[in-house]
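Work through the exercises below with the sequence and the 3D structure side by side. Try each task before reading its solution.

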Amino acid sequence: MSEIVNPYRPPNADLVEATKSTDRAGRGARLAASLIDAVFGMVIAVPAIWYSGILEGFPNIRPPGAAMRFGAGVFGLASATAIHGWFVATRGQTVGKLLVGLRMVRSDGSRLSLGRWLGLRMIPVVLVGQIPVIGNILVTLDALFIFRSDRRCLHDHLADTIVVKAEPAPD
């Protein structure tokens with residue numbers, strides 16, 4: 001007897017894993033990328049601090065007021081966007097992550113948008129950092145979350161992102 005073939009049966013094809021990298025970035029690589037990003041930020045911040053007059057009367061300077069802290073936060077976000085914005089929008093990488101070979105993606109592996117990077121990864125950390133005393137503790141706590149098993153900081157959870165090893169560029 002001949003076997004009846006079901007035309008609606010799915011084909012017998014092996015499923016192939018997506019080639020997107022989901023290999024989580026190591027803590028050391030993330031630290032290195034963060035330090036590189038900080039150096040790029042300092043290239044802009046140090047001259048801005050110098051020329052703003054904040055350091056007048058050093059070493060007897062008084063702590064900046066709320067308006068000055070807020071202005072510094074806005075300036076920092078604008079600077080970070082100027083330095084990293086194009087790389088984040090097109091590659092999911094800051095300059096430091098680009099140099100170290102990491103990238104940021106959504107937890108499902110999809111592309112990270114510039115809006116999500118700014119709105120959920122950057123702005124909350126800057127805003128919380130503006131709170132005197134407690135802000136520094138919370139920002140430190142955010143960074144310490146990287147020592148959990150999933151290697152995600154609080155801002156990663158908030159933005160639904162993971163940092164992965166970047167795939168090499170195709171030849």
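Three exercises on one helix and its surroundings follow.

This is a predicted model, in which local features need pLDDT of at least 70, side-chain atom pairs count only at pLDDT 80 or more, and totals for chains, interfaces and linings use all residues. Residues are numbered from 1 along each chain as its sequence is written, and side-chain values use heavy atoms, with hydrogens and water left out.

**Exercise 1.** Compare the expected span of α2 with the distance between its end C-alpha atoms.

Solution. Helices are DSSP runs of H or I with at least four residues, and strands are runs of E with at least two, numbered from the N terminus. The expected span is 1.5 Å times one less than the number of residues. For the 26 residues of α2 this gives 38 Å; the end C-alpha atoms are 35 Å apart, which agrees.

**Exercise 2.** Find the residue on which the kink in α2 is centred.

Solution. The bend at a residue is the angle between axes fitted to the seven residues ending there and the seven starting there. In α2 a kink of about 60 degrees is centred on His84.

**Exercise 3.** Decide whether His84 is buried or exposed, and list its contacts.

Solution. Buried means under 20% relative accessible area, exposed over 50%, and partly exposed in between (1.4 Å probe, protein chains only). His84 has 5% relative accessibility, so His84 counts as buried. Contact means heavy atoms within 4.5 Å. Setting aside neighbours within four places in sequence, His84 contacts Asp37, Gln93, Thr94, Val95 and Trp117. Other buried residues of α2 include Gly73, Leu77 and Ile83. The cover over the buried residues of α2 includes α1, α3 (95–100), β1 (102–106) and α4 (114–129).
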